[in-house]
Amino acid sequence: MYLSAFAQMTQLMKAAKSGTKDGLEKTRMAVMRKVSFLHRKDVLGDSEEEDMGLLEVSVSDIKPPAPELGPMPDGLSPQQVVRRHILGSIVQSEGSYVESLKRILQDYRNPLMEMEPKALSARKCQVVFFRVKEILHCHSMFQIALSSRVAEWDSTEKIGDLFVASFSKSMVLDVYSDYVNNFTSAMSIIKKACLTKPAFLEFLKRRQVCSPDRVTLYGLMVKPIQRFPQFILLLQDMLKNTPRGHPDRLSLQLALTELETLAEKLNEQKRLADQVAEIQQLTKSVSDRSSLNKLLTSGQRQLLLCETLTETVYGDRGQLIKSKERRVFLLNDMLVCANINFKGQLEISSLVPLGPKYVVKWNTALPQVQVVEVGQDGGAYDKDNVLIQHAGAKKASASGQAQNKVYLGPPRLFQELQDLQKDLAVVEQITLLISTLHGTYQNLNMAVAQDWCLALQRLMRVKEEEIHSANKCRLRLLLPGKPDKSGRPISFMVVFITPNPLSKISWVNRLHLAKIGLREENQPGWLCPDEDKKSKAPFWCPILACCVPAFSSRALSLQLGALVHSPVSCPLLGFSAVSTSLPQGYLWVGGGQEGAGGQVEIFSLNRPSPRTVKSFPLAAPVLCMEYIPEPEEDAESGDASRAAADPSAAAHPTICLGLQDGSILLYGSVDTGTQCLATCRSPGLQPVLCLRHSPFHLLAGLQDGTLAAYPRASGGVLWDLESPPVCLTVGPGPIRTLLSLEDAVWASCGPRVTVLDATTLQTQQSFEAHQDEAVSVTHMVKAGSGVWMAFSSGSSIRLFHTETLEHLQEINIATRTTFLLPGQKHLCVTSLLICQGLLWVGTDQGVIVLLPVPRLEGIPKITGKGMVSLNGHCGPVAFLAVATSILAPDILRSDQEEAEGPRAEEDKPDGQAHEPVPVPDSHVGRELTRKKGILLQYRLRSTAHLPGPLLSMREPVPADGSALEHSEEDGSIYEMADDPDVWVRSRPCARDAHRKEICSVAIISGGQGYRNFGGALGGSGRPAPCGETDSTLLIWQVPLML
């Protein structure tokens, strides 16, 4: 039965309102029931009207009322004004998107279907425009509901629940998933039709010329892939301008979570589709009978990285012989290099991206590939047993083989650096001889000799920067070749130029982690229990890098208590090490023996594998630890001025230890000197169960339910441990865990959590996190606008909102571990950690579970299927900790940016050009910038006519004639810092402060022994590297987020 236009409109409005009126309430209920919106299939009774309206009514035939905001009322707050503008942007953006979808159908699909003779068959048209009509239906419905919401905006000011109700339906995920998965096939059909059917190519050109904005079909069809990231940006802006307590705030956070989850799933599907397409394109270029073809078509290969790099070949004097673009494929177990062969009309590439054809040049197994940096020691490969020949050269250089040296461009720089070092040693000897002169000479004195030394140091620094710059975008790979006639192995060096430093870091990091991923313990390392025990690819999970004993003395049977990471800035770190090593710094591991003493073990992460650098005993076992970073300089100007006047008074990062006997110890963490800066005893000598710091207090949770707060102190020690602390009684039982938020502190006592003001420590409110009085809250971790909690018994974890304290979700961990632990009924959560969108859960059975959570400001509810690690402990997971270090920003600067750096500074207004940019992570840098300089002055005869560089500590003058010529009577005045290495250090670029940070991340778990659960699934299982009762650390390396 056909409905009238009026009835159709009424039905659509009713359908839209039924889906959004109580959308927020439905969201909460579904979260409480542990149902993910993205996998929920609506039953007929829930959305019968809406689904019927969507399926039976042609939305494109109806013009919905245009959403329009009324005139702005008087008396609005600035935030309300901004929210109205953001709502206007949402309306305008959605209107433009819906029009683009209509253009795809009206300007392209419909004419192609009706065209005679057909430029594209009906079947191919269906493939190209698959799901576009359904996506238009979804957004037309959303636009109708948006119109209704806009009309009543000034009375309700709510938009978040509309997004939740509209985009949390499984139908939305289904139609967008189908579209994304089909996108590569659609583009492939369009490319082929452009090459083979002139009528179709002419049709696309004509449509583009006639369109008002000249957007191509590809430009229109890529918009659905970009839609949800645009929504996310708009909702982030709306959330920033929505104050706490606003009725729209929680629904906005939930909406942000749903959209982020949707976008992540679509991105992952797009990545997998692109990966399959790239491997298929590569497979086409390989002979059907070759072994490589069989490997590529076996289905066991994963594409980890694929990029166009420039291969360069150098002569024996370092001169560039040739360069050519190559397509390099990093698979999970091999590296493939191919020539790129573009075929077809160039004009087509302006309408749709034109894919290249490949011709495989070489491929090699991944374990045999080595990254060799310029200036790297020969330890990376055995030079005595390897002859290196140039890639692309017809024969190896005889002189190169004879001297066992390779001249590939940048190594020449390294040789020049060594020459400068030798020259500096000679000049230093000359300086010593000059100091013995009895006479006084104008141009032969200690001032001139010191200037020579400083000038050579500057030249060495310049050479080091050239080498560093050469390493930034130069990927040098040592690959195995065929043995020579005598059977001696020959390796060949391949040099690739990457598009930017970030690409170089990405390649080195992925190569390193792919090799670790091939180890037996990572094959597989994780399983997805919800996917019929389907193994997870090793690279896309954290990769188990090493397993080390927690304590050097195994005879004491020490139990683990806590672990923290103390980061350090390491300027001597090589470029490859930045991409491959664990986060720089030290691990402090604390523990002890019940009724006996304690022990602290310090591991260095500044080497390829962790190693113990120090251990020391304590009077009692360590129960908790807290790393307290250096305070921000601008937090208290008084402290900053005192630190400038007296560097020794500056507050350094510290490690705080809480012991079983009630002791609180404060150690300096600048180095491994382990100097105890301060110590105190808790009130009543109660065991210190947990420690947390806030900007105002050092907080200690005690066994008897007391919260002891130590205030900030001035000088070299952050906290005043000598004065009696502020004591608050939180409850009758022990305070098991503390959580420091921006403006509040959460303290748990039994099943209740008390919320305190961070500044005054006044109790704001408390709530019951568990209904059983015998259960205690043992762990709390925050992400976004939520806090996950674990309890002393039971296998469930719960999510609470940080602002309303509402219980939002509950997850049972035991359901994800039953296949690893058959027959195990009781499971308890013993540790929690949130890092980079993953919730790590440690259990009393030694099993570690990984659950995905959103990264943004939304609610961190579990939004996808979890994974279970096949590597764990023999006993309870005592703790989960994270180690992070931020890569130096100047590593990311390309040569072009460095060349533009001085110009960018000159463009600044007066007074800003020469101000050094502070480097907050480098305490050493701040110390050195405060040092005073000394002045040197003397006269020097002109030597401009002689060959070679002017040996002076000054920067060379520009050659464009803008600078004054160096005259015979020119007086040279220099400012020299006490440390010659300071003033030659390049100044950070101001723009780097805004560059996205790149973090190196490792996750450390501690527990008894090591266990591989692969044996429980019928696998062989690996022998444990240490005893089942020995305290052991497992360290997982996380791929760099680039």
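In this predicted model, Gly701 has Leu707 of strand β22 as its bridge partner. This link belongs to the pairing of strand β21, residues 697-702, with β22, which runs in the antiparallel sense over 5 bridges. The hairpin made by β21 and β22 has 3 residues between the strands, and here Gly705 takes a positive phi near 90°. Leu707 also has a bridge partner in β23, namely Leu728. Strand β23 covers residues 726-729 and pairs with β22 over 4 bridges, again in the antiparallel sense. Strand β22 itself, residues 706-711, is mostly covered, with 5 of its 6 residues buried.

It helps to place this local picture within the whole chain. The protein chain contains 23 helices and 42 strands, and 49% of its 1042 residues count as buried. Among contacts with a separation of 6 or more, 67% are made by residues 24 or more positions apart. The accessible surface comes to about 48800 Å², and carbon and sulfur atoms account for 52% of that area.

How confident is the predictor, and where does its confidence drop? The mean pLDDT of the chain is 75, and 70% of the residues reach 70 or more. Over residues 1-6, however, the pLDDT is below 50, and this stretch has 2 contacts in the model beyond near neighbours in sequence. Residues 392-409 also stay under 50, and for them the model has 26 contacts beyond four places in sequence. Where pLDDT is low, the predicted coordinates should not be read in detail.

Charged pairs offer another way to follow the fold. Side chains of opposite charge can pair when their charged atoms come close. The structure holds 20 salt bridges. One of them joins Glu157 to Arg83, with the closest N and O atoms 3.4 Å apart. Glu157 sits in the loop between α7 (153-156) and α8 (160-167), whereas Arg83 is part of helix α4 (residues 78-114), so this pair ties together parts that are 74 residues apart in sequence. Is Glu157 buried or exposed? Its relative accessibility is 10%, and because the limit for buried is under 20%, Glu157 counts as buried. Arg83 is buried too, with a relative accessible area of 1%. Helix α8, which follows the loop of Glu157, is mostly covered: 8 of its 8 residues are buried. Among them are Leu162, Phe163, Val164 and Phe167, along with Asp161.

Helix α4 also takes part in a second salt bridge, through Glu94. The partner of Glu94 is Arg227, and the closest N and O atoms are 2.9 Å apart. Arg227 lies in helix α12 (residues 223-240), so the pair links distant parts of the chain, 133 residues apart. Glu94 is buried, with a relative accessible area of 0%, and Arg227 is likewise buried at 0%.

A further salt bridge is formed by Glu803 and Arg244, whose closest N and O atoms are 3.8 Å apart. This pair links distant parts of the chain, 559 residues apart: Glu803 is in the loop between β30 (796-801) and β31 (807-812), and Arg244 is in the loop between α12 and α13 (249-284). Through salt bridges that share partners, Arg244, Arg249, Asp743 and Glu803 are joined into one network. Glu803 is buried, with a relative accessible area of 18%; this value falls in the buried class because that class takes in residues under 20%.

Nonpolar residues appear both under cover and at the surface. Ala881 is found in strand β37, residues 877-886, and is buried, with a relative accessible area of 9%. Which residues does Ala881 touch, not counting those up to four places away in sequence? The answer is Leu563, Leu833, Ala1002, Ile1003 and Ile1004. Ala881 and Val564 are 317 residues apart in sequence, yet their C-alpha atoms are 6.7 Å apart in space.

At the surface, Leu437, Tyr441 and Leu444 make a nonpolar patch of about 250 Å². Leu444 is placed in the loop between α16 (410-434) and α17 (446-472). With 35% relative accessibility, Leu444 counts as partly exposed, because this class lies between the limits of 20% for buried and 50% for exposed.

Terms used:
Residues are numbered from 1 along each chain as its sequence is written. This is a predicted model: local features need pLDDT of at least 70, side-chain atom pairs count only at pLDDT 80 or more; totals for chains, interfaces and linings use all residues. Side-chain values use heavy atoms; hydrogens and water are left out. Buried means under 20% relative accessible area, exposed over 50%, partly exposed in between (1.4 Å probe, protein chains only). Helices (H or I, at least four residues) and strands (E, at least two) are DSSP runs, numbered from the N terminus. Two strands pair if DSSP finds at least two bridges between them. Contact means heavy atoms within 4.5 Å. Accessible areas come from the Shrake-Rupley method with a 1.4 Å probe; for residues, only the protein chains shown count as cover. Patches are made of residues with over 30% relative accessible area and no salt bridge: like charges are joined within 9 Å, nonpolar side chains (Val, Leu, Ile, Met, Phe, Trp, Tyr) within 5 Å. A salt bridge is a side-chain nitrogen of Lys or Arg within 4 Å of a carboxyl oxygen of Asp or Glu. pLDDT is the predictor's confidence in each residue, from 0 to 100.
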